[in-house]
Amino acid sequence: MPVTPTPPPDVSAHLASPSYRLAALDQEFLLGDSMRGVRFLLEFAKAEEALRAWGVVSTIVVFGSARVSSEGPGRQAQWYETARGFGRLASEVGGALLDGREGRHNVIATGGGPGIMEAANRGAHDAGAPSIGFNITLPHEQAPNPYSTPELTFQFHYFAMRKMHLAMRASALVIFPGGFGTLDELFELLTLRQTHKSPPIPIVLCDKAYWSNVINFEALAEHGMISPEDLDLFGYAETPEEIWSLLEAKGLHAVD
């Protein structure tokens with residue numbers, strides 16, 4: 001008996017199946033648990049590519065409270081202006097203004113948010129120099145401050161990857177008064193220095209009175225929690241000029 005031909009199955013279901021989507025275009029797949037490592041890599045590579053394109057060789061990381069205001073109470077306005085002044089000074093004399101083909105050195109890098117971070121980016125902007133904003137997604141949405149260079153303003157989901165980018169090009173760290181987040185960044189870099197997991201970069205804390213009131217570093221040495229020489233990993237300064245001088249005294253090299 002002749003076989004009655006049957007039409008081929010409809011492939012519309014195949015085309016609509018999530019498994020048929022190109023992996024790179026499948027957002028549900030890319031945002032799944034199994035792709036967390038890939039997302040880490042993407043966050044690293046995206047910022048790395050932009051920083052290389054701009055010729056950023058090294059950075060000066062500036063951290064401090066997002067709650068500080070240029071018109072805030074107490075010493076807040078002074079901290080803001082000091083951070084702004086330092087951002088400008090470091091950008092003018094540190095090498096950030098050099099032609100990108102030769103490499104930009106000591107580029108101001110912050111967490112990209114308001115407060116002290118805004119002030120440091122603003123100082124670089126005053127100098128006509130590029131600066132970096134490493135923003136992080138938070139439950140309460142954080143917008144980037146308007147002074148970081150747009151092409152060097154990034155957004156991270158993972159704190160770990162953001163920390164890596166903050167640390168990996170750092171030629172110096174300048175810490176202004178701040179809270180939990182600022183302490184986190186400070187002790188992250190202090191630990192890397194103490195354990196020799198990072199190059200011997202200078203670390204400066206702005207406003208000795210604030211830091212001496214908040215943390216008794218000497219007590220850590222007295223109780224044997226750190227070595228006495230660990231207290232030499234950082235120093236204190238009060239003004240933009242003092243900060244820059246201390247950074248140079250501790251080994252920071254400007255690029256002529």
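**Exercise 1. A helix on the inside**

Task: Find which residues of helix H5 are buried, and work out why H5 counts as largely enclosed.

Solution. Start with the list: Ile 116, Met 117, Glu 118, Ala 119, Ala 120, Asn 121, Gly 123 and Ala 124 are the buried residues of H5. Keep in mind that you're looking at a predicted model.

Next, set that list against the helix itself. H5 spans residues 116-126, and 8 of its 11 residues are buried, so the rest of the structure largely encloses it.

Then ask what does the covering. Strand S1 (59-63), helix H4 (76-94), strand S2 (107-110) and strand S3 are among the elements lying over those buried residues.

Finally, look just past the end of H5: Gly 128 has a positive phi there, about 75°.

**Exercise 2. Positive phi without glycine**

Task: Asn 106 and His 196 both have a positive phi; decide for each whether it is buried or exposed.

Solution. Take Asn 106 to begin with. Its phi is about 55°, even though this residue isn't a glycine. You'll find Asn 106 in the loop that runs between H4 and S2. Its relative accessible area is 1%, and buried means under 20%, so Asn 106 is buried.

Now for His 196, another non-glycine, with a phi of about 60°. This one sits in the loop between H7 and strand S6 (203-206). With a relative accessible area of 67%, His 196 lands over the 50% cut-off, so call it exposed.

**Exercise 3. Rings that pair up**

Task: Classify the ring pair Phe 134 and Phe 156, then do likewise for Tyr 210 and Trp 211.

Solution. For context, searching the whole structure turns up 8 aromatic pairs. In the Phe 134 and Phe 156 pair, the ring centres are 5.9 Å apart and the planes stand at 55°. Planes under 30 degrees apart would be stacked and over 60 edge-to-face, so this pair is tilted.

Where do Phe 134 and Phe 156 sit in the chain? Phe 134 belongs to strand S3 (residues 132-136) and Phe 156 to strand S4 (residues 153-156), so the pair joins distant parts of the chain, 22 residues apart. Both of these Phe residues are buried.

On to Tyr 210 and Trp 211. Their ring centres are 5.1 Å apart with planes at 90°, which makes the pair edge-to-face. Tyr 210 has 18% relative accessibility and so counts as buried. Trp 211, at 0%, is buried too.

One more aromatic group is worth a look: Phe 187, Phe 217, Phe 234 and Tyr 236 make up one cluster.

**Exercise 4. Two partners for H6**

Task: Work out how H6 lies against H3 and against H7, and what kinds of residues meet at each contact.

Solution. Begin with H3 (residues 36-53) and H6 (residues 159-168). Their axes are 9 Å apart and the packing angle is about 30°. Angles under 35 degrees count as roughly parallel, so that's the label for H3 and H6. The crossing is right-handed.

From the H3 side come Phe 40, Glu 43, Phe 44, Ala 47, Glu 48 and Leu 51, and they meet Ala 160, Met 161, Met 164, His 165 and Met 168 of H6. Sorted by class, this contact holds 8 nonpolar, 1 polar and 2 charged residues.

Now turn to H7 (residues 180-194). The axes of H6 and H7 come within 11 Å and cross at roughly 60°, so these two helices are oblique to each other. Here, too, the crossing is right-handed.

In this contact, Arg 162, Lys 163, Leu 166 and Ala 167 of H6 meet Asp 184, Glu 185, Glu 188 and Leu 192 of H7. The tally is 3 nonpolar, no polar and 5 charged residues.

**Exercise 5. H4 against H10**

Task: Describe how H4 and helix H10 (residues 240-249) pack.

Solution. The axes lie 8 Å apart, at an angle of about 45°, so H4 and H10 are oblique to each other. Their crossing is right-handed.

The H4 residues in contact include Phe 86, Leu 89 and Val 93, while Ile 243, Trp 244 and Leu 247 are among those from H10. By class, this contact divides into 8 nonpolar, 3 polar and 1 charged.

How values were computed:
Residues numbered from 1 in each chain as written. Predicted model: local features only at pLDDT ≥ 70, side-chain atom pairs only at ≥ 80, totals over all residues. Heavy atoms only, no water. Phe/Tyr/Trp six-rings, centres within 6.5 Å; stacked < 30°, edge-to-face > 60°. Helix = DSSP H or I, 4+ residues; strand = E, 2+ residues; numbered from the N terminus. Buried < 20%, exposed > 50% of the residue type's maximum accessible area, 1.4 Å probe, protein only. Axes fitted to C-alpha atoms, helices over the stretch in contact; angles between N-to-C directions. Parallel < 35°, antiparallel > 145°, perpendicular 65-115°, else oblique. Left-handed = near helix turned anticlockwise from the far one by under 90°. Contact = heavy atoms within 4.5 Å. Nonpolar A, V, L, I, M, F, W, Y, C, P; charged D, E, K, R; others polar.
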